[in-house]
Amino acid sequence: MRKIRDVLRFSAEGLSTRQMASSLAIGRTTLQGYLDRAHEAGLSWPLPAEMSDSELERHLYPRTAREAARRASQPDWSCVHLQLRRKGVTLSLLWEEYRAAHPDGYGYSRFCDLYSCWEGKLSPVMRQRHPAGERLFVDYAGATIDVIDPETGEVRAAQLFVATLGASNFTFAEATWTQTLPDWISSHVRAFSFFGGVTAQVVPDNLRAGVTKARFYDPEFNRTYADLAAHYDTAVRQWA
């Protein structure tokens, strides 16, 4: 910034670009670029006494200044990745904390995209291909949700059943009081109704409600769950 100030001062004193370039030991093209930027920013010598080098840079290089500020507010992705392992922590929650600290930082969508790019550079993973209509993944979410009785104020924990189509990630979710077999089967029926059809395979986790013996290569599903699959002409498969 000192050289830019000298360029503006020498220019105001009537020196030619050749004289200024020789005196300041900079190229004439670079020097002319300084003068052009100053003209576009409406700056001339003498500059305001209170204008700092940082303010001068923001006037001459507004995009560069914004990028520098953005780099300063770059999230610590390794910390974000670590925090996501904690129960109840989501990207949305971490983004809200980030924006509270950096009001001019990334928007939520960009925050998620950048995290996905960063995460993709970690250990390689095998890409899974899911043809449309092939698999429906079913499980209970790890955390329960609280249901409050509006009349008594009683709080009761409910289980969250989730069914997701492998090809589109289209998802059905509902709360049930238990993970017992009747709720497990009924949730499947309502999921099939919601999707308007049944996939070729249903892929559950090793839940006690649906699996009698959790063997890796040959899991044994209970009779009721097997009857459900037969009724809907689908197959129950263990995820591998």
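Is D227 buried, partly exposed or exposed? With a relative accessible area of 40%, D227 counts as partly exposed, where buried stands for under 20% relative accessible area, exposed for over 50% and partly exposed for the range in between (1.4 Å probe, protein chains only). The model discussed here is predicted, so local features need pLDDT of at least 70 and side-chain atom pairs count only at pLDDT 80 or more, while totals for chains, interfaces and linings use all residues. Residues are numbered from 1 along each chain as its sequence is written, and side-chain values use heavy atoms, with hydrogens and water left out.

The overall picture comes first. The secondary structure of the protein chain comes to 10 helices and eight strands; these are DSSP runs numbered from the N terminus, with helices being H or I over at least four residues and strands being E over at least two. Of its 240 residues, 31% count as buried. The chain exposes about 15900 Å², and carbon and sulfur atoms supply 51% of that area, as computed by the Shrake-Rupley method with a 1.4 Å probe; for residues, only the protein chains shown count as cover. Among contacts (heavy atoms within 4.5 Å) between residues at least 6 apart in sequence, 49% join residues at least 24 apart.

The strands can be followed from strand 1, which spans residues 135-140. In a regular strand the side chains alternate between the two faces of the sheet. Strand 1 shows such an alternation: L136, V138 and Y140 point to one face and are buried, whereas R135, F137 and D139 point to the other face and are not buried. Two strands are said to pair if DSSP finds at least two bridges between them. Strand 1 pairs with strand 5 in the parallel sense over four bridges. Within this pairing, L136 has V202 as its bridge partner, and V138 stands opposite P204. Strand 1 is also joined to strand 3 (residues 155-165) by five bridges, and these two strands run antiparallel; here F137 is partnered by T164.

Strand 5 (residues 201-204) is covered on both faces, with Q201 and V203 buried on one side and V202 and P204 buried on the other. Strand 5 also runs parallel to strand 8 (residues 235-236), to which two bridges join it. V202 has V236 as its bridge partner in strand 8. In the loop between helix 10 and strand 8 lies T234, a buried residue with a relative accessible area of 12%. The side chain of T234 reaches the backbone oxygen of A200 at 3.0 Å. Leaving aside residues up to four places away in sequence, T234 touches V198, T199, A200, Q201, V202 and A229.

Helix 1 (residues 2-12) offers a second region to explore. Its buried residues are I4, D6, V7, L8 and F10, and they pack against helix 2 (17-24), helix 3 (28-40) and helix 4 (53-60). Just after helix 1, G14 takes a positive phi of about 90 degrees.

Charged side chains also meet in this structure, which holds four salt bridges; each is a side-chain nitrogen of Lys or Arg within 4 Å of a carboxyl oxygen of Asp or Glu. One of them links D6 and R9 at 3.3 Å, N to O. D6 and R9 are three residues apart in helix 1, a separation of about one helical turn. An α-helix has 3.6 residues a turn, so residues three or four places apart point the same way. D6 is buried at 18% relative accessible area, whereas R9 is partly exposed at 28%. R9 also meets E13 in a salt bridge (3.8 Å, N to O). Another salt bridge brings back D227, whose partner is R223, with the closest N and O atoms 3.4 Å apart. Both residues lie in helix 10 (residues 223-231), four residues apart, or about one turn of the helix. R223 is exposed, with a relative accessible area of 65%. Salt bridges that share partners join D6, R9 and E13 into one network.

Nonpolar side chains appear at the surface too: I145, V147 and W177 make a nonpolar patch of about 240 Å². Patches are made of residues with over 30% relative accessible area and no salt bridge, with like charges joined within 9 Å and nonpolar side chains (Val, Leu, Ile, Met, Phe, Trp, Tyr) joined within 5 Å. V147 lies in strand 2 (residues 145-148) and is partly exposed at 32% relative accessibility.

Methods: Polar contact = N/O pair within 3.5 Å; in protein donor to acceptor, adjacent residues only side chain to side chain.
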